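Please look through the sequence and the model below before reading on. The points that follow it concern packing, empty space and some backbone details.

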Amino acid sequence: MDFKKIEKKWQTKWENDKLYSFDKNRLDKKYYLLEMFSYPSGAKLHLGHWWNFGLSDSFGRFKRMQGYNVFQPMGFDSFGLPAENYAIKTGIHPKDSTYKNIYVMEEQLKNMGATFNWDYEVITSDPNYYKWTQWLFLELFKRGLAYQKYSPVNWCTSCNTTLANEQVKDGHCDRCESVVVKKNLTQWFFRITDYAEQLLDGLDKINWPEITKTLQRNWIGKSVGSEVVFKTETGKDIKTFTSRIDTLFGVTWVVLAPEHEMVKELTTNEQKALVENYTFEASKKDDIERQSTVTQKTGVFTGSYCINPINNERLPIYVADYVLGSYGTGAVMGVAAHDTRDYDFAKKYNIAIKRVIAGVRCNDELPFCEYGVLVNSGEFTGLTSEQAKTKITQTLKSNNLGCFKTNYRLRDWSVSRQRYWGCPIPIIHCEKCGAVAVEQKDLPVELPYDIDWSPTGRSPLSKNEDYMNTTCPKCGGAARRDPDTLDTFVCSSWYYLRYPNAKNEARAFDKDLTNAMLPVDKYVGGIEHATMHLLYARFITKFLKDQGYLNFDEPFKSLVHQGIILGADGNKMSKSKGNTVSPDPIVEEYGSDALRLYLMFGFNYLDGGPWSHEGIKGIAKFIERVERLVEKVISLKDGSTKYDSCEKELDYAKNYAISEVTKNFEEFAFNSSIARIMELVNAMYAYDKLKNKNVELLKSATLDLIKLLAPCAPHFAEELWLMMGQNGSVFNAKYPKTDSTKLIKTEIEIVVQINSKIVEKMVIPHDLEDEEVQKLALNNKKIAERIGDKKVIKAIVIKGRLINLIVK
């Protein structure tokens with residue numbers, strides 16, 4: 001079969017017939033299947049694209065054949081650093097390179113034979129899209145959930161821009177792997193922390209991998225405890241969070257993070273040089289290094305003191321980098337006797353160590369970090385730790401020096417970026433009116449084309465005076481636009497809502513249509529997005545639900561993470577390692593169906609694995625074998641209508657394959673599905689060897705085989721369907737259903753052993769008692785000859801499998 005010819009033929013026919021158009025009038029049977037959209041890279045499609053888009057396309061075809069009205073759109077996450085970095089390197093404008101790449105990728109994805117609904121394409125760098133990203137920003141701004149503050153942020157020294165906490169991996173930028181440092185800037189944030197509890201609670205009602213839900217729970221990091229206020233000697237409040245307020249009488253110092261806003265004002269002139277040098281060195285360290293349990297803890301005295309609110313003791317205030325400004329309040333209390341880290345710190349800096357918890361019938365050598373009974377704790381002495389946590393907090397609360405508190409590790413989402421190629425922030429800064437929202441009628445605020453995008457650490461837009469200078473919507477006075485652009489994760493935090501509304505110019509999405517179409521039924525993408533895109537999308541959905549725009553608060557009902565295809569050497573593919581595999585030569589030699597089929601069969605979709613070129617050769621041979629089988633069946637003339645044991649075996653094999661393939665497809669266990677199809681092909685070849693066969697039964701099995709194969713090898717299956725004389729597309733045929741009555745075997749094959757050695761196989765009724773199985777075995781001529789004059793002293797029957805005759 002000329003696969004090049006048939007691929008072109010069927011792709012053209014599918015497009016002309018609009019075979020995969022979504023029917024908005026059948027929303028009762030809609031199935032929203034979505035793959036995480038990709039960045040429009042300048043490179044050709046790689047195996048990762050095939051792995052993600054090709055196999056999820058097969059799942060979409062499967063659901064379509066089951067009768068679902070499948071909505072499977074495609075678009076591009078087209079803003080971001082790669083295009084801008086490419087522009088810096090080559091001088092080619094980010095817009096020009098991006099849209100050229102989009103055109104190339106569109107053609108490549110179509111050539112894959114995928115069934116994407118291109119009529120609903122979204123491109124995040126299109127003003128018709130980012131107009132509504134800006135609308136979303138303003139909705140958050142109006143409700144106090146988008147705000148500016150001067151704060152320490154993650155700064156990539158290479159990209160010259162800020163990064164969200166989730167974009168920092170082991171102290172390095174997750175894009176370019178350059179060192180990330182702390183830098184104080186005025187930035188825009190989304191108040192995602194207001195939704196921390198909702199984000200936690202929602203995890204219990206979605207069908208997501210448990211590992212992903214665990215990652216989000218840990219990232220949100222809920223901790224229940226108390227807030228304690230330590231008054232400085234100048235009357236200022238230092239707020240700390242602790243889950244061990246039962247140790248409050250043991251506090252002998254307080255520690256501030258180097259980024260804490262009070263460090264400068266609390267540092268005395270005598271300590272100024274030491275503190276400034278320490279905070280500068282701390283800015284070079286990443287959070288993981290600072291909190292490592294194996295790194296020696298360091299700090300420096302500020303020269304100032306505060307008061308312990310429970311006993312009025314005077315406590316020195318230190319700055320130490322093991323405290324993070326991004327977690328809790330950025331200040332902690334030091335309790336050396338009951339915390340290992342604090343114990344080491346106190347020993348190093350000669351700070352007092354006070355025991356206030358005693359163990360109960362256990363070794364309570366210091367540092368003793370378990371719960372116990374309070375000692376040296378004034379009126380609370382003798383209480384258990386649990387009792388004391390409540391009593392001490394209540395006492396502080398009555399004096400306005402503390403309260404019960406739930407803390408979260410989750411920080412507000414930093415969304416400002418000092419880059420050009422992104423969605424402009426729709427805010428105007430007026431000296432008189434402050435930060436003012438751009439009016440909706442003036443959206444979108446479009447990116448200017450003429451721009452100097454060279455990285456200077458200053459937003460490129462700020463260098464374009466024509467863009468920056470504007471008038472205030474409130475007072476009409478001279479004003480300046482916000483010079484930053486939005487984090488691209490803002491663009492992707494709502495794109496799944498836009499797809500069904502891609503052509504809607506009046507609003508971001510139609511409420512009724514969106515509520516009918518969403519949530520997404522199946523979302524496919526990498527686990528690396530667990531604490532970024534997937535968390536942000538959940539936050540935005542919950543926000544829009546609260547504003548009455550949606551009637552659901554979770555964007556994705558079910559989530560699947562694909563594994564990674566590795567190089568043949570078992571390592572992640574990279575050009576530097578020379579182990580990359582281009583799909584183009586494989587498609588050229590074997591066809592796109594063979595590549596798709598091999599990816600489905602050769603790997604567990606959830607795990608991935610190393611590439612094997614021998615594997616693709618085996619799949620090509622399997623395709624040829626199926627073609628020969630179909631050609632043979634077509635050539636058969638009408639035969640008998642008998643329905644004996646051989647026909648029952650074929651019917652069993654067919655229905656078993658239908659049952660298993662259907663189940664495995666639903667679980668994305670594509671490798672198991674292909675294995676069952678191969679078994680059916682083997683069973684059909686075995687049946688075809690019979691001289692007297694039921695041709696109609698074999699032809700019926702062949703048609704079901706083609707239907708099972710259709711989602712996995714779409715062009716090939718269409719051609720086979722046509723060869724079998726069928727009208728229309730195989731994808732308009734109903735997916736085969738299991739006839740469960742055919743899975744009940746009236747006869748089974750068992751093994752016969754003599755003294756544990758296999759000597760024969762027998763076909764027997766499936767419901768015989770052990771004595772009847774033994775009788776049939778002894779009456780078998782071949783078995784009787786092998787036993788001869790020997791005596792059977794015992795018969796061991798394993799029902800449905802074997803009988804072992806012990807003879808002497």
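The notes below take the cores, the cavity and the backbone in turn.

1. Basis. This is a predicted model, in which local features need pLDDT of at least 70 and side-chain atom pairs count only at pLDDT 80 or more, while totals for chains, interfaces and linings use all residues. Residues are numbered from 1 along each chain as its sequence is written, and side-chain values use heavy atoms, with hydrogens and water left out.

2. Nonpolar cores. A nonpolar core is here a set of buried Ala, Val, Leu, Ile, Met, Phe, Trp, Tyr and Cys residues joined through side-chain atoms within 4.5 Å, where buried means under 20% relative accessible area, exposed over 50%, and partly exposed in between (1.4 Å probe, protein chains only). The largest such core has 89 residues, and those with the most contacts inside it are L109, L599, W611, V626 and I677. A second core, separate from it, has 87 residues, including I192, L200, I206 and A479.

3. Surroundings of L109. If neighbours within four places in sequence are set aside, L109 is in contact (heavy atoms within 4.5 Å) with L45, F53, M74, F76, A114, F116 and W118.

4. Cavity. A cavity is a set of points on a 1 Å grid over the protein atoms alone where a 1.4 Å probe fits but cannot get out, and its lining residues have an atom within 4 Å of a point; grid points are joined across faces, edges and corners, and the volume is the space filled by probe spheres set on the points. The search of the whole structure finds one cavity of 30 Å³ or more, with a volume of about 40 Å³. Its lining consists of K285, E289, R290, T295, Q296, K297 and D321, which divide into no nonpolar, two polar and five charged residues (Asp, Glu, Lys and Arg count as charged; Ala, Val, Leu, Ile, Met, Phe, Trp, Tyr, Cys and Pro as nonpolar; the others, Gly among them, as polar).

5. Cis peptide bonds. The bond from L366 to P367 is cis, with omega near -5°, and P367 lies in the loop between the strands β14 (357-358) and β15 (373-374); strands (E, at least two residues) and helices (H or I, at least four) are DSSP runs, numbered from the N terminus. The bond from L443 to P444 is also cis, with omega near 5°.

6. Positive phi. K18, in the loop between α1 (3-17) and β1 (30-35), has phi near 50° although this residue is not a glycine, and K18 is exposed, with a relative accessible area of 55%.

Definitions and conventions. 1 Å grid on protein atoms, 1.4 Å probe; cavity = no way out; pocket = protein on both sides within 12 Å on 5 of 7 lines; lining within 4 Å.
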